[in-house]
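Reader: Please take a close look at the salt bridges of this chain, partner by partner, and then at the nonpolar cores. I would like the cut-offs stated along the way.

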Amino acid sequence: YQFDGMRFRLSYQRLANGQEWIILRRISTRVPTLEELQIAPHLLHHLRKLGQRDGLILISGPTGHGKTTTSFSLFADYMRRFGGVGISVEDPVEYQLDGPVGEYGYCYQVQVDKDEDWATPLKRALRWTPRYLLVGEVRTPRAAEQILRAATTGHLVLTTIHAGSVEESFFGLLHLAEQSIGHGANAMLAQGLTAAWHQTLSAT
């Protein structure tokens, strides 16, 4: 939802008692840099080096604790530093990054239709041979399968998942993927996992 030059993520819910609730969360128009996220320097160094690898970077945490912001900051940083094509698959598109990123990077952003399975646009995106793939959130078994397949076939995949710990993020991803590809999901995750990052925000 856009109003007066501002962008919002909108969530609508009708309650059992007939009330209707709408929640608006403001979305920044600019992807923050990793420095602006105030990540500890020694961790920042390791996170940046991951941009030269392939595999899966799984970012977990509670709702509203900045998972999407961190994933987009990494995504943009990798394209800016190392070049290549990046594709984001989201519902909805949050940060606007479409077009040139830095001197040698280029980003395409794909909006997932409400009735479309996430796996379908993910399969289409892989045909564009992206260097980087950002998936807004792991939501369906087939999408989890496509994420693991992409991570084990030469792409660097960043995705987010709601979880209370790194271990819970693994269990959640495997639970979805196993519904689509069975116990082979364990081997694919072991082969494709590059990094797991869990974050929470706290008032100081």
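Author: What follows goes through the charged pairs and then turns to the cores.

The model is predicted, with local features requiring pLDDT of at least 70 and side-chain atom pairs counted only at pLDDT 80 or more, while totals for chains, interfaces and linings use all residues. Residues are numbered from 1 along each chain as its sequence is written, and side-chain values rest on heavy atoms, with hydrogens and water left out.

Nine salt bridges are found in the structure, the term standing for a side-chain nitrogen of Lys or Arg within 4 Å of a carboxyl oxygen of Asp or Glu. Side chains of opposite charge can pair when their charged atoms come close.

One of these bridges joins Arg30 to Glu36, with an N to O distance of 3.0 Å. Arg30 counts as partly exposed because its relative accessibility is 45%, and Glu36, at 40%, is partly exposed as well; here buried means under 20% relative accessible area, exposed over 50%, and partly exposed in between, with a 1.4 Å probe and protein chains only.

A second pair brings together Asp77 and Arg81, at 3.1 Å from N to O. Both residues belong to helix α2 (residues 67-82), where they sit four residues apart, about one turn of the helix; helices (H or I, at least four residues) and strands (E, at least two) are DSSP runs numbered from the N terminus. The two partners fall into separate classes of exposure: Asp77 is buried because its relative accessible area is 5%, whereas Arg81, at 48%, counts as partly exposed.

The third pair is Arg139 with Asp91, whose closest N and O atoms are 3.3 Å apart. This bridge links distant parts of the chain, since Arg139 lies in the loop between β8 (132-135) and α4 (141-151) and Asp91 in the loop between β5 (84-90) and β6 (99-101), 48 residues away. Arg139 is partly exposed at 32% relative accessibility, and Asp91 is partly exposed at 21%. Elsewhere, Glu35, Arg48, Asp77 and Arg81 are joined into one network by salt bridges that share partners, and this is where the helical pair described above reappears.

The nonpolar cores come next. A nonpolar core is a set of buried Ala, Val, Leu, Ile, Met, Phe, Trp, Tyr and Cys residues joined through side-chain atoms within 4.5 Å. The largest one has 26 residues, of which Leu56, Val89, Leu133, Leu148, Val157 and Leu173 touch the most other members. At least two residues each are supplied by β4 (55-61), β5, α3 (119-126), β8, α4, β9 (156-162), α5 (166-181) and α6 (184-192). With six residues, α4 gives the most to this core.

How does one member of the core meet residues remote in sequence, and which residues does Leu173 contact once its neighbours within four places are set aside? Leu173 is in contact with Leu56, Leu58, Val138, Ala144, Leu148, Ile161 and Leu189, contact meaning heavy atoms within 4.5 Å. A second core, separate from the one just described, has 24 residues, among them Leu47, Leu50, Ile57 and Leu97. In soluble globular proteins, nonpolar side chains tend to be buried together.
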